[in-house]
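Please open the structure in your viewer and keep the sequence beside it. The tour below suggests what to select at each stop and then says what is found there.

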Amino acid sequence: MQFVGIVTKVLNLLPLLSVHPSRNRRIMSGASEKKLVRIEVTSDTVCPWCFVGKKNLDKAIAASNNIYNFEITWHPFQLDPDAPKEGIDKREYYGKKFGSQTERMEARMSEVFKSVGVEYSFSGLTGNTIDSHRLIYFARQQGPEKQHLLVEELAIGYFTQGKYIGDHEFLLESAAEVGIVGAEEFLKDPNNGLKEVEEELKTISRNISGVPYYVINGKHKLSGGQIPEVFLKAFQVATT
């Protein structure tokens, strides 16, 4: 008798399903109706505005992930291709680059970083970023999510903890933290990923004068450490 009762209830629902077929399709499809937003980001791992832009981009994604599905790809840029691989003290480097404006720059960056919830650290070394870009390229082979997480991990270490972006120990710690497999073997050979990164530097970065630089769905372009609202508007424009 219990089985008959269940069958009766199902049969009673059939007229309702036929009356509202489109409504039922919407309910059944759920997340499949989300619009896809593809974001190509060009950045350098020692660029503070790139990290600020990422934090704001992440806020915009969190605020709209009920509307969109996101696919994010990171591409390399080098602010100073001739920076030493052995590293140089950050304050010494900034002093040479910005001269009398160094203190004002440091104060400004501290203020901006606080606005996105992190403390900017001027301790440690800065230097050549090519190995970090090789690792980010390698992470992409294991999925865009891991690549995105790695970019965050590297930025946290470099900008807030005084870690050196060219230090393989730091790079490997960051890779392990986000679950990247095979990073040590990959980085050990300086030629691994080098050709691919250099190719991207030529083809993607050559027409860009500064970073961060974003291309959304191949048509909407932004530059600089934009606020979340700008990204949200860009998502809307790029999907209509």
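## A strand, a helix and some salt bridges

Begin by selecting Thr42, which has its place in strand β1, residues 35–43. Bear in mind throughout that this is a predicted model. Thr42 has a relative accessibility of 3%, and because buried means under 20%, Thr42 counts as buried. If you now show its surroundings, leaving aside neighbours within four places in sequence, you will find Thr42 in contact with residues including His75, Pro76 and Phe77, and also Ile204, Ser205 and Tyr213.

Stay in strand β1 and select Arg38 together with Glu71, which form a salt bridge whose closest N and O atoms are 3.3 Å apart. Arg38 lies in β1 and Glu71 in strand β2 (residues 68–76), so this pair ties together parts that are 33 residues apart in sequence. Arg38 is partly exposed at 42% relative accessibility, and Glu71 is also partly exposed, at 36%.

Next, move to helix α3, residues 48–64, and select Lys54 and Asp58, which are four residues apart and therefore separated by about one helical turn. Their side chains meet in a salt bridge, with 2.6 Å from N to O. Asp58 is partly exposed at 24% relative accessibility, whereas Lys54 is buried, with a relative accessible area of 2%.

Keep Lys54 selected and add Glu152, since another salt bridge joins these two, with the closest N and O atoms 2.8 Å apart. This pair links distant parts of the chain, as Glu152 is in helix α7 and Lys54 in helix α3, 98 residues apart. Both partners, Glu152 and Lys54, are buried. Adding Lys55 to your selection completes a network of salt bridges that links Lys54, Lys55, Asp58 and Glu152. In the whole structure, a search finds 11 salt bridges.

For the last stop, select helix α8, residues 168–177, and colour its buried residues, which are Phe170, Leu171, Ser174 and Ala175. These residues cover an arc of only 135° around the axis, which means that they are on the same side of α8. An α-helix has 3.6 residues a turn, so residues three or four places apart point the same way. The buried residues of α8 pack against α6 (130–140), α7 (144–160) and α9 (183–188), while Glu169, Ala176 and Glu177 are exposed on the other side of α8.

Finally, look at the two ends of this helix. Asp167 caps the N-terminal end of α8, with a side-chain oxygen 3.1 Å from the backbone nitrogen of Glu169, and just after α8 you can select Gly179, which takes a positive phi of about 85°.

Terms used
Residues numbered from 1 in each chain as written. Predicted model: local features only at pLDDT ≥ 70, side-chain atom pairs only at ≥ 80, totals over all residues. Heavy atoms only, no water. Helix = DSSP H or I, 4+ residues; strand = E, 2+ residues; numbered from the N terminus. Buried < 20%, exposed > 50% of the residue type's maximum accessible area, 1.4 Å probe, protein only. Contact = heavy atoms within 4.5 Å. Arc of directions from axis to C-beta. Polar contact = N/O pair within 3.5 Å; in protein donor to acceptor, adjacent residues only side chain to side chain. Salt bridge = Lys/Arg side-chain N within 4 Å of Asp/Glu carboxyl O.
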